[in-house]
Amino acid sequence: MSEQALKFATAKIAKEKGFEFLPTQSILQKWLREVHKLEVNAYGVRYTGNANATYYTYSVNGVSQLHPYKCTTYEEALEAGLFDALMKL
């Protein structure tokens with residue numbers, strides 16, 4: 001298992017907001033939590049119906065961010081949450 005690198009857009013915003021290191025998702029998540037008191041979490045949501053599937057979404061400080069689209073991986077949802085949290089700074 002390896003660290004998930006950030007997408008360029010998220011890394012760019014992180015740098016603009018004062019994050020100094022080459023960020024990975026977990027390092028940026030920790031920085032947002034410890035420095036800016038923004039708790040970002042991703043989690044799975046199980047949908048039933050015509051197609052049973054698990055999708056992923058995220059929360060920032062406990063507030064779920066349900067979007068019109070559904071993330072297909074945990075990492076994609078965490079990335080979206082990190083980006084959203086950075087935009088709140």
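Hi everyone, let's start with the sheet: strands E1 and E2 run antiparallel and are joined by 8 bridges. One pair to find on your screens is tyrosine 47, which stands opposite alanine 53 in E2. Before I go on, please keep in mind that this is a predicted model.

How many strands form the sheet, and in what order? There are 3 strands, in the order E1-E2-E3, and they make an open sheet with antiparallel pairing. Strand E1, residues 40-47, and strand E3, residues 63-64, stand at the edges with a single partner strand each, so one side of each has no neighbour in the sheet. Helix H3 packs on this sheet and touches E1 and E2, and the direction of H3 makes about 20° with that of E2.

Now to the other pairing. Strand E2, residues 53-60, is joined to E3 by 2 bridges, and these two strands are antiparallel as well. You can pick out both ends of this pairing by residue. Valine 60 has valine 63 in E3 as its bridge partner, and serine 59 stands opposite serine 64 in E3.

E2 and E3 form a hairpin, with 2 residues between them. Have a look at asparagine 61 in that turn. Asparagine 61 has a positive phi of about 50°, although it is not a glycine. Why point this out? Because most residues other than glycine have a negative phi. As for its surroundings, asparagine 61 is partly exposed, with a relative accessible area of 41%.

There is another residue to show you on this theme. Lysine 37 has a phi near 55°, again a positive value in a residue other than glycine. Lysine 37 sits in the loop between H2 and E1. Is lysine 37 buried or exposed? Lysine 37 is exposed, at a relative accessible area of 60%.

Let's move to the helices, beginning with H1. Which residues of H1, spanning 8-16, are buried? They are Thr10, Ile13 and Ala14. Looking down the axis of H1, these buried residues fall within an arc of 105°, so they line one face of the helix. On the other side of H1 you will find Phe8, Lys15 and Glu16, which are exposed. And what do the buried residues of H1 pack against? Their partners are helix H2, residues 25-36, and helix H3, residues 74-87. Just after H1 comes glycine 18, with a positive phi of about 105°.

Next stop, helix H2, where I'd like you to click on glutamine 29. Glutamine 29 is a polar name on the list, so let me give you its numbers: a relative accessible area of 15%, which makes glutamine 29 buried. Setting aside neighbours within four places in sequence, glutamine 29 is in contact with Val40, Asn41, Leu78 and Leu82.

For those of you who like charges, a search of the whole structure finds 2 salt bridges. One is between lysine 30 and glutamate 34, with the closest N and O atoms 4.0 Å apart. These two residues are 4 apart in helix H2, which means they are separated by about one helical turn. Both ends are partly exposed: lysine 30 has a relative accessible area of 41%, and glutamate 34 has 47%.

The other salt bridge joins the side chains of lysine 88 and aspartate 84, at 3.7 Å from N to O. Here the two ends fall into separate classes. Lysine 88 counts as partly exposed, at 48% relative accessibility, whereas aspartate 84 is buried, with a relative accessible area of 17%.

My last residue is threonine 73. Where does threonine 73 lie? Threonine 73 is in the loop between E3 and H3, and it is partly exposed, with a relative accessible area of 34%. A polar atom of the threonine 73 side chain lies 3.0 Å from the backbone nitrogen of glutamate 76. Threonine 73 also takes us back to the start of the talk, by way of alanine 42. The two residues are 31 apart in sequence, and their C-alpha atoms are 9.5 Å apart in space.

That's my tour. Thanks for listening, and I'm happy to rotate the model for anyone who wants another look.

How values were computed: Residues are numbered from 1 along each chain as its sequence is written. This is a predicted model: local features need pLDDT of at least 70, side-chain atom pairs count only at pLDDT 80 or more; totals for chains, interfaces and linings use all residues. Side-chain values use heavy atoms; hydrogens and water are left out. Buried means under 20% relative accessible area, exposed over 50%, partly exposed in between (1.4 Å probe, protein chains only). The arc is that of the directions from the helix axis to the C-beta atoms. Contact means heavy atoms within 4.5 Å. Two strands pair if DSSP finds at least two bridges between them. Axes are lines fitted to C-alpha atoms, for helices over the stretch in contact, and angles run from 0 to 180 degrees between N-to-C directions. A polar contact is a pair of N or O atoms within 3.5 Å; within protein, one must be able to donate a hydrogen and the other to accept it, and residues adjacent in sequence count only if both atoms are side-chain atoms.
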